[in-house]
Amino acid sequence: MNPSMDFLSRRGFLGRSAGSLGFLALQQLLSRDPLLAAGAVAPAHRRPKARAVISLFQHGGPSQMDLFDYKPALNRWSGQPYPGGDLEVHFDKQAGNVLGAPYQFRPQGQCGMQLSELLPHTGSIADDITLIRSMTTGSVDHESALRIMHTGRFLAGLPSMGSWVLYGLGSENENLPAYVVLSDPGGLPVDGERNWSSGFLPALYQGTPFRSGKTPVFHLQTPAGISAEARRHQLDFITRLNRHQSERDPANSEWQARLAQFETAARMQTAVPEVMDLSGESAATRRLYGLDNPVTAEYGRRCLIARRLVERGVRFVQLFLSGQPWDTHDKNAERLKGLCAMTDQPSAALVQDLKARGLLDDTIVLWTGEFGRLPISQGKDGRDHNRHAFSLWVAGGGFKAGHVHGATDEFGYKAVQDVVSVHDFHATLLGQLGLDHTRLHVPHEGREASLTDAEVTGAKPVPSLLA
Amino acid sequence: MLAMIEAAEPAASGSLFTRAQTHWAFQPLSASVPGRGSDLASPGSEVGPLDRFVAQRLRAHGLSPSPQADAATRLRRMSLVLTGLPPTPEDLQAFVADHRPEATEIWLERLLASPAYGERWAQHWLDAVGYADSNGYFNADSDRPLAFRYRDYVIRSINQDKPFDRWIREQLAGDELAGWKPGDPVTPEIRELLEATHFLRNGQDGTGESDGNPDEVRVDRYYALEACQQIIGSSLLGLTVQCAKCHDHKFEPITQKDYYALQAFFYPAFPIEDWVKPNDRVIEAPLSGEHEAWLAAERRWENGEAQARAGLSGWKAEHQPPLKPLWEDSFEDPGSLGDRWSNTVPGEDQPAGSPPVSIGGSVGPAARVKEGVLQLIEGGGSGDRWLSTRQRFSWQPPLVGDWIQVTFDLVALKTDGQAQDSDRIGYVLATHDFADRGTQSGGNLLIDGHPTGASTVHLDYPGADSKSIGSIGGQGYRAGHNYGVRITRLEKDRFSLQHWVDGMADGTPLTLSASDLPPGGFGFELCCGRGFQVDQVRINTSPRVGTPEHERWLAYEGALKTQVQERDRRLAFLKAQRLPKPGRIAWVSDVHLEPRPVPLLKRGNPKTPGEPVEPAFPGFLDRGQKLPAALPVPHGRTTGRRLAWAHWLTTPGTPQAALLARVTVNRIWQQCWGVGLVETSENLGLSGAPPTHPELLEWLAAEFVNSGWSLKHLHRQILCSRTFQQSSAPRAEAMSVDPANRGLWRFPVHRLDAEGIRDLIIAASGVLDPKSSGPYVPTPRNGDGEVLADESAPGARARSVYLQHRRTQVPTWLVNFDAPSLVFNCTRRARTTMPLQSLSLLNSEFTLQRARDLVLRLDRECGVSERARIQRAFLLVCGREPDASERSASEEFLRHQLSLYTAHPDSNQRAWRDFAQSLFTLNDCLYLR
C-alpha cells in the first residue's frame, strides 16, 4: 500500500505532535511516495527484534485450566462448593460448584511445559513458545474484553493494535495492505469489524479483511466484460487526464499520490489473488497445516495464508474464528475437544513452518483469547467468564522459547505470581517491534492517546518474557 | 515562514483555573472590525471584514490574496459546499453569463433556499452529534427504527434557518419547552420539540441487550449517560469533558465535581436505578386525524397484499400439478406433537442438548403448538439442540434430475414475550447422531437462515467436526413467506442444495456429495435466544425424471416464476405507498419529577459511589452568574434541570454562549474550507490548537450571535467573501512562504467527503432519488459481505444522509472514503488517499451502474454528437468544459475503446461507459478546487 493523507488534514490530525514518533512514522509511510521522500526518517525507537505479527485470535475465552494451567485441586474438589472465597461471576444466577478438568496434562518438550492432552501439536512446539499463565484483563464482558485485548481500552472507538503497529512502522509491501484480517468464512467474529478498526486513526490504518472466494478484497476484480486491454487503456486515459489536471497545481502531492494509486490498485489486483493461491505449496506443507483433513482444513488454510502474507512483507495479520466458539457456557469439556481438534495442529504448524523458513526470528505469533474461565461450573457442565486469570502463548520475535511465565492460585481463578496485564503485554509486544509504547501516541480528545495509556494503566514491558 | 504550529503551552504549568481566566475561548465575545486598508481591495471589489482579517495576516508575511477564481469553479464550489450537489450544466452556463455585480449573492441565495442545503448540512451536524440508526455498544448493534425523525427534524430546522440558540434549547429540553405530557393533544410544533430531544440519546446504548451481573448492567447504563455528556462536551462546548469522569481534568479547568454536577442535569432523564431501556423511551404522539389516515392506508396495504397473495395462491391451486407430500405437518393438533417430533434424532431415545427441548412446554427451550402454529421457544444461552422429526428420510433422490425438498411457512421471527426478532432461522436436514458418538459422518446439515442475506450452511453440526461449507440464497427470512431447500441429484453422485423461497429457487446452489447426505430426519434448531414460529412443514419428492409428470412440473415452475415476479412488482408498488406509523417518537424526558441523588463516582467507578452532587455549572465558565439550576416547566412533570442548563448555555453575553458560538462557527468554517480556524474543532480548550486567525473567528462568532444565531447568515459571510471566491491556483512566491496555505492566500484544494462524492456521482448521472424524509434506506451486508443499498430497493440512489447509519455496518464504499463508524461522534473527518479508493472507483458495481446511467443521460440529452456528449459529461461531473487537450484525449480514448469492443453488439455503450466511469475517478471530480 502506498497511503498518504492530505496535507492539511494530516497536520490537523496530528495536531501538535510534531516530533513525536507518530509523526515520524507517518512521515516514513508518506516517504514511500516518491514525491514526499524528503529524507526518510528511521521509524523505530530502537532496533526491532520483530517486524511482523500474526495474531491467532481465539474468540470467546479459552478455558485456561483445561488447556494450559494444570490445577489438580479442581478434580479433588469437583462437585463441591468452591472453597476459595468470593468469585466474580458474569451470569451470577447460574453459578455452581467446582467443575473438574477432565483432560490429562503432560510435560512437553525439553522444557517440560505442562499442557493438556487436547494440545498434542502445541506440545510439539513447547520449546518454541512462551506460555503466560498469569494474564489478567479488565472486563468479563466479551465486547469490552475484546476491546481491551485489541485496542487497550474498555470502550469502543480506539485504534486496534494492528493499526498502532502500522501507524508506527508503515508497510513493507506496496502491493498488499499492510494489515490483513483473515476472518472465518462462517461469519464475522463477535464485535465484528471493530476488532480491526483504526478507531480515530485514519481509515488507511484499518485492517483489510481478505475473504475466501473469488474476490478476497471488495472491488478487487475488474468487472466482467471489461478486458484487460480495455482496462489498461482506461487506466492510461485516467492517468493522462489526471496528469494534465495536475499541471495546474504541480506541488499538490495528494493529487500525485492518487495518480500513483491507480497503478498500485492494478498491482493489488494480481498480488492479492497470488498470495491467496495455495496451489504452489508442497504436499508436505499442506499436510503440516492439516489441509488434507476437513476438521483442520479451513483454519489451516488461513494459518498458511498468514505465513504467505508475512513472507511478502505484510506487517500485521489477524486470524479470527466465526462468532465466539471458545465461549463454553455449557458442555465445556466436549466443546474444547472439538475446538482443539480444529486449531491445535494448524497453530503449531504455523510456528514450525515459520521456524523452518527462518521467519520466526522476526515474526511474533500470538495465540490468545479475550479472557479466561472460572473454576466453578455454570449450569451443569459449562464455565463462565473470568478476567482475573487467563493463559496465552507467544512465539518468535525475541520472546523466550520453552518458557512458562507466571502462575495462578490453586484453582486457576486468579493470577497471583508475575501477573501480566493486557497493557503490559501490549507494551512488551510493541517493544519487540522496536516501538516504545510511551512514545507511540497521537493527540485525541485533549490528551495523548496510545495503545497502552501507561499513565492510567501503569503498563510496562515485561523483560522476563524476552530472550 | 508562517508559524504553522505554535508551540504547545506547557499543560501542567500554572493553575489551569488561572489560565482559564484569560484563555481566549472562555471569554465573552469581544469582536472588533479591522480598518479598511487601502491596499487591500483590488479595484472595483468591495471587501468585507472577513477579507480584511485575512489580508491583514497575509500582509504581515508579505503575501497577498489570489485573484478571483473563474465563474464555473466558483459556482461548483458554492454548490458543493452548500448543497453537496453539483451545479447543472444549465446553471453553470447561466452563472458564467451573469455579469450583474451582485450575481454571486443572488446565486448564493438560491442555493441557501434549496432543500438540498438542509440535507448537506444535516449530515455535518449528525456527524457532530453522533447520530446513528443503531444502538451500538454490544455486538448486536440493535436497530433504532425511529431515529430518522430526529434526522428529518435536523434537515427541516436547518432549511428553516431556525435560530441556532433556540435550536440547541429544543434539542436539550424540547419536552420541557413543549409543556406536553403523554395523552395531551399534539400539534406539529409540539411534536417537533419532542423529536428534538433525540439529541440526548444519540450516544451508544446497550442497555436493551445488557445481560451480565448487576455491576455490569450498571456500567452499561452509566455508559449511555456518559456518552450523552461526551457528545454535549465535544459538539457544543468544544471540550473533552469525559476525562473528568475519573479525576480532575489534567489539561482543562474541569474538576471531577464539575463532571458530576453536569451529569446531575441529565440524570433525571437517565436515572441509573430506575432505568428505562431505549425501546421503552418511546411515546405515541400522533396529530389529530393522522392515526386514522394511517389506519386507512394500512388497511389498503393489507387488502392489496392479501389480494396479491390470494391471487398467487389461486393461480397455484389451479396450475400446480398434483404432488403427494412424503411427509407433512400442519400443526392442527397440539397434543400429537410428541408423536411426530422428538428432541433428539430419529432412532435415539436420549434427549439431546443441555437442557433438552421440552415438547409441549412453554418455558424455553421448548416447542409447542399454539393456534395451529409450531412455536419454537428458545431459552437463551447457547445452542446445540433441535426439534427433529421422528421419521427418517432418504435425502438422496434416486435419478439424476430428481429432487426432494423440505419447506415450511415462516409465521413469525419471534415467539410470545421475545423482545427482538431472531437473528437466525435455523433448520437441519439429515439429522442423526446428535451426540457425535456414531460412526456415520456427514448429515446434520444446518441451514443457518439469515433474516437479511444469504444463509450459511454447516455440515456435521454441532460439535467439533462441524464446519461451514458455504452459503445459499440471499432473499433473507421474513414472516409470511415459505422457505426451505431443495436437493437435486446431479451427475456422478453429486447433489445440489438449492435455497427455495415461495416455491422458487433463490440464489446459487451448493454442491454436496453423497456422504454429506446420510438418511435422517428434518428439524428446527433452537439456539441463542432465537425463537420463531412456523407452519405447514412439508417434505416433497419430485415426480420421477422422464415421466410426463416431471415435465409438467418443470413447465409449472417456469410459469410460477413469472407469476411471482408479477406479484412482487405489485407488492413493491403497494408497499411504497405505506406510511410509517405516525406519532411514534423516540424521545427523552425525565423519569421522575423528584430528582434522585446523583453520586460522584470515585475514580469513575459505579461500584464506588461517593457524595451526592447537586446540579451546578462549571466554575471556569460560570464565574458566579447565579443562573438557576432548574426552571419551572409548564406541565410540572419534569425537573426543569435540562431547561435550566439549555438557558444557561445560550444566555447572551456570557462566556458559555460565546464558547458555543465559537465552536459552531469554527466547525462551519471547517466544513467550508476543509480545515477549521482552530484545527482541533472538538477541542477549543487549553489543550486545543490555537486559532490561525483569532480576530476573524471572534468577529464571525459575534456576527453569528448578532444575526440572531443564523447559520445562513454565517454562510453568506463566508461564501461571499473574496477569500472564499479566490482562485486555488498556486503562486510561486506564496508557496515559498506558506506552502500549507495557513494564511489562506488561495482557496484550499480538498477532497470531497464520502457522502459528497457518492451524492455527486449519483446526481451527475441523473438518477438521484427524490427521497426527502422518512425511514432510512437499508444498507444490508450482501452475500459477498459488502455493505450497500441494494440497487433494486427503493431509495438505493437517495442522498447519503438517508442511508442507514448503522454503527457497525457502514456502507463499504463510504468507509473507503473515510466515513466514520460512529462510537461517540465525529466532529471532523480524516481525509485519506489509498488504493482501496481507486478500486472502489474502478470496480464497484455502484460506479459501474452510475457510469451506465450517465451514458443514458447523455443519450437523452445530447443525441449522437460526440463533441456535445464529451462536453456535457465534463460539465456534469467536473463542473466545467473540457479543454482542447482533454477533448482530444477523450475522442482518442473513445475511438480506441470502441475498436476493442467491436465484437459486442453494444460496443458503443461500452466505450462510453468506460469514458463516463473514467470521469468519476478524476481529481477534478473528487476535489473541491
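Of the 467 residues in chain A, 61% count as buried. This is a predicted model, so confidence comes up as well as geometry. Chain A contains 14 helices and 20 strands. Among its contacts with a separation of 6 or more, 76% are between residues 24 or more positions apart.

How confident is the predictor about chain A? The average pLDDT of chain A is 87, and 90% of the residues score at least 70. The start of the chain is another matter. Over residues 1-43 of chain A, pLDDT stays under 50. The model still has 106 contacts beyond four places in sequence for that stretch. Where pLDDT is low, predicted coordinates should not be read in detail.

The domain assignment splits chain A into domain 1, made of 48-212 + 277-465, and domain 2, which is 220-271. Taken over C-alpha atoms, the centres of these two domains of chain A are 40 Å apart.

One residue in chain A serves as an example. Tyr82(A) sits in the loop between α4 (72-77) and β3 (95-98) of chain A. Is Tyr82(A) buried or partly exposed? It has 19 C-beta neighbours inside 10 Å, and burial takes 20 or more, so Tyr82(A) counts as partly exposed. Leaving out residues up to four places away in sequence, Tyr82(A) touches Leu87(A), Asn97(A), Val98(A), Pro375(A) and Ile376(A). Take Val98(A) from that list: Tyr82(A) and Val98(A) are 16 residues apart in sequence, but their C-alpha atoms are 5.3 Å apart in space.

Now chain B. Its domain assignment has domain 1 (163-285 + 586-651), domain 2 (325-392 + 410-480 + 514-537) and domain 3 (833-928). Between the centres of domain 1 and domain 2 of chain B, over C-alpha atoms, there are 45 Å.

Next, a helix. Helix α2 of chain B covers residues 49-60, which is 12 residues. What span should we expect for it? At 1.5 Å a residue the answer is 16 Å, and the end C-alpha atoms are 17 Å apart, which agrees. The buried residues of α2(B) are Leu50(B), Asp51(B), Arg52(B), Phe53(B), Val54(B), Ala55(B), Arg57(B) and Leu58(B). Note that charged residues such as Asp51(B) are on that list. The cover over these buried residues includes α18 (694-706), α19 (711-719) and α20 (722-725) of chain B. Just after α2(B), Gly62(B) has a positive phi of about 70°.

Then a sheet. Chain B has an open sheet of seven strands in the order β3-β7-β16-β9-β10-β11-β12, with antiparallel pairing. At the edges stand β3 (341-342) and β12 (467-472) of chain B, each with a single partner strand, so one side of each has no neighbour in the sheet. Strands of a sheet pair through backbone hydrogen bonds, either parallel or antiparallel.

We can walk along part of that sheet. Strand β9 (residues 425-431) of chain B is joined to strand β10 (residues 445-449) of chain B by five bridges, and the two run antiparallel. Val428(B) is opposite Leu446(B) in β10(B). Leu446(B) in turn is opposite His458(B) in β11(B). Three bridges hold β10(B) to β11(B), again antiparallel, and a hairpin of five residues connects β10(B) to β11(B). From β11(B) to β12(B) there are five bridges in the antiparallel sense. One of the partners there is Gly470(B) in β12(B), which pairs with Val457(B).

How many residues of strand β11 of chain B are buried? Five of the five, in residues 455-459, so the strand is largely enclosed by the rest of the structure. In a regular strand the side chains alternate between the two faces of the sheet. In β11(B), Ser455(B), Val457(B) and Leu459(B) point one way, while Thr456(B) and His458(B) point the other way.

Last, the contact between the chains. It takes 74 residues from chain B and 85 residues from chain A. On the side of chain B that touches chain A, the elements supplying at least two residues each include β12, α24 (835-843), α27 (884-900) and α28 (907-920). The largest share, seven residues, comes from α27(B). By class, that side of chain B has 27 nonpolar, 32 polar and 15 charged residues. The edge strand β12 of chain B therefore appears in this contact too.

Methods
Residues numbered from 1 in each chain as written. Chains lettered and ligands numbered in written order. Predicted model: local features only at pLDDT ≥ 70, side-chain atom pairs only at ≥ 80, totals over all residues. Helix = DSSP H or I, 4+ residues; strand = E, 2+ residues; numbered from the N terminus. Expected span 1.5 Å × (residues − 1). Buried ≥ 20, exposed ≤ 12 C-beta atoms within 10 Å, placed from the backbone. Contact = placed C-beta atoms within 7 Å. pLDDT = per-residue confidence, 0-100. Pairing = 2+ DSSP bridges. Domains from an automatic or database assignment.
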